[in-house]
Amino acid sequence: MLAMPPIISVSNLSKIYGSDFKALNNINLDIKRGEIFALLGPNGAGKTTLISIICGIANLSEGSVTVGGHDINRDYRAARSLIGLVPQELHTDSFETVWATVSFSRGLFGKPKNPAHIEKVLKDLSLWDKKDSKIITLSGGMKRRVMIAKALSHEPQILFLDEPTAGVDVELRKGMWDVVRALQASGVTIILTTHYIQEAEEMADRIGVINKGEIILVEDKAGLMQKLGKKELKVHLQGRIDAIPASLAAYNLELSDDGHAVIYDYDTKGDRTGITSLLNDLRNAGIRISDLDTRQSSLEDIFVSLVRAP
Amino acid sequence: MNYRAIRAIYLFEMARTWRTLLQSIVSPVVSTSLYFVVFGAAIGSRITEVEGVSYGTFIVPGLVMLSVLTQSIANASFGIYFPKFVGTIYEILSAPVSYIEIVIGYVGAAATKSIILGLIIMATAALFVPLHIQHPWWMLTFLVLTAVTFSLFGFIIGIWADGFEKLQMIPMLIVTPLTFLGGSFYSVNMLPSGWRTITLLNPVVYLISGFRWSFYEIADVSVALSLGMTLGFLAICMALVWWIFRTGYRLKN
């Protein structure tokens, strides 16, 4: 079976500010149709710049981007028609009503009026009872949802969510993810950036890590977790030890700060995890064990280790 | 053409006018009425006639132009500056609209407002002085051309400005003086010849002269020259707007 062409294809993209500052450096990235793609990276990594270029808000310096097969410069109308964008900052027209601003967005994207669609979007985002309210009277979380409603007003095939849950409370965040999942189920491709790594872990099908303007990794979430997924065994001791006995040096154990536990890292995919022999050797060294627990390293650990790598 | 986008931007901008009716329409009308009281009644009673027309009547075209110029610039510059300032410009830039469509939407709305305003001021003036328009079509042509040209100019200022100060600077420091010195309240022929030559460097003279000619068939310079200068200024503004969008100047970086 032929693979579906990517819905977004970024090739050799660079963004250079001034004479030498490279905000993005030779980015190559394909987004698959219908996936939820999470773009992770520390502040200033280039996430928003990348999104801004794809959506037409910033010019690219080198390279090219196609959206649905349309070049974003040569065929910008077709490319942009497919995209709904929810930027990071809360940019709203304070004095407009919710209904007016969402209808405006639909018109701006060249779509004929469709009150039924706008009603559905507002209801899905729990904004229906606020439709006649001026935006200035809404809370931050509601403004965020108004921006999502604007982005969905023209029935886009691709939705960009730049830090969508910043400043949104837990309840609303959950509701927002329900909407995102429903959109994905209806065939919309979703690209989100987030600082909350748990969210990427929970929501995304694939994850890209960007740092200092370069994509350093793109991987299926499951593959990423497995590939880099180390497990950690924490052995709680009955007594306190001051140092790891020399006979256990081969295990590269780490002693907890209080001396009441040792921590052992192992690879779940290895032929031998070494756990059995570790426990044996601990007993032989006269160390008595009170408890054991294991922990899968989270995406956050993976992320931090990637970004910190020289 | 994305006509729906033009319509959306245009109606959005017009809605802003109705929302701010007091400052958009009422305040220019009030200030113009004050000009009539001060210049027309108080000073005008000492000046009998200018080129065969009573002074109060003479200043009407100039006053209309004064308002149309300043309001076109104010409306259009604020119209595009505000989305830049609050950040909602992101949506315009990410929408499938061409530069021409954006300009038609914003400049069209700003020009519409100032044309409506110009007509309201004329109607107000008719309450104070007898008003007769010799060439109504030419009057409308000059009115529309001027409104569009200066709305474009305002659009450029709105994009260029990166603070409210800059937004006010050009209208206050350049446009208002040029308008006052451009023959709103006097005929250029009343000036000593040296000043007259200098005054002819002021582009506003040509706008007011042409506009006044359409009312009373009296003009400081020939009508063809007035029209030519207006069109020339329009062309310059269009070229500047084209350059702004081609380079993304202050919009896309």
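In chain A, A:Val235 stands opposite A:Val262 of strand E13. This pair is a useful place to enter the structure, which is a predicted model. A neighbouring pair repeats the pattern, with A:His236 facing A:Ala261, again in E13(A). Both pairs belong to the pairing of strand E11 (residues 230-237) with strand E13 (residues 261-267) of chain A, where seven bridges join two strands that run antiparallel.

E11(A) also has a partner in strand E14 (residues 289-296) of chain A, to which seven bridges join it in an antiparallel arrangement. Within that pairing, A:Lys231 has A:Gln296 of E14(A) as its bridge partner. These strands are part of an open sheet of four strands, and reading across it gives the order E12-E13-E11-E14 in chain A, with antiparallel pairing. At the edges are strand E12 (254-255) and E14 of chain A, each of which pairs on one side only.

The wider setting of this sheet is given by the domains of chain A. The chain is divided into domain 1, covering 8-226, and domain 2, covering 230-308. Taken over C-alpha atoms, the centres of domain 1 and domain 2 of chain A are 42 Å apart.

Chain A has another open sheet to follow, formed by four strands. Its order is E2-E1-E4-E5, and the pairing is antiparallel. Strand E2 (21-31) and strand E5 (70-71) of chain A are the edge strands, each pairing on one side only. Strand E1 (residues 8-17) of chain A pairs with E2(A) in the antiparallel sense, over seven bridges. One position in this pairing is A:Leu13, whose bridge partner in E2(A) is A:Ile27.

Chain A also contains helices. Helix H6 of chain A takes in residues 170-185, a run of 16 residues. How far apart should the ends of this helix be, at 1.5 Å a residue? The expected span is 22 Å, and the end C-alpha atoms are 23 Å apart, so the two agree. Just after H6(A) comes A:Gly187, which takes a positive phi of about 100 degrees.

Chain B can be introduced through its record. UniProt, in an unreviewed entry, places the feature "domain: ABC transmembrane type-2" at residues 19-248 of chain B. In the model, that span is 78% helix and 2% strand, and its end C-alpha atoms lie 31 Å apart. The UniProt annotation "transmembrane region", also from an unreviewed entry, covers residues 21-43, 55-82, 140-161, 167-186, 198-215 and 221-245 of chain B. Among these, residues 198-215 of chain B are 83% helix and 0% strand, with 25 Å between the end C-alpha atoms. Residues 221-245 of chain B are 92% helix and 0% strand, and here the end C-alpha atoms are 35 Å apart.

The remaining topic is where the chains meet. The contact takes 25 residues from chain A and 20 residues from chain B. On the side of chain B that touches chain A, helix H1 (3-19) and helix H4 (89-94) of chain B each supply at least two residues. Which helix gives the most to this side of chain B? H1(B) does, with six residues. The residues of the side of chain B that touches chain A divide into nine nonpolar, six polar and five charged.

H1(B) can also be viewed against a helix of the other chain. Two packed helices are described by the angle between their axes and the distance between the axes. The axes of helix H3 (residues 98-108) of chain A and H1(B) come within 7 Å and cross at roughly 145 degrees. H3(A) contributes A:Phe104, A:Gly107 and A:Leu108 to this contact, while H1(B) contributes B:Arg4, B:Ala5, B:Arg7, B:Ala8 and B:Phe12. By kind, the residues of the contact of H3(A) with H1(B) are five nonpolar, one polar and two charged.

Terms used
Residues are numbered from 1 along each chain as its sequence is written. Chains are lettered from A and ligands numbered from 1 in the order in which they are written. This is a predicted model: local features need pLDDT of at least 70, side-chain atom pairs count only at pLDDT 80 or more; totals for chains, interfaces and linings use all residues. Domain bounds come from an automatic or database domain assignment. UniProt positions are given in the numbering used here, feature names are shortened, and annotations may be inferred rather than shown by experiment. Two residues are in contact if their C-beta atoms, placed from the backbone, lie within 7 Å. Ala, Val, Leu, Ile, Met, Phe, Trp, Tyr, Cys and Pro count as nonpolar, Asp, Glu, Lys and Arg as charged, and the others, Gly among them, as polar. Two strands pair if DSSP finds at least two bridges between them. The expected span of a helix is 1.5 Å times one less than its number of residues. Axes are lines fitted to C-alpha atoms, for helices over the stretch in contact, and angles run from 0 to 180 degrees between N-to-C directions.
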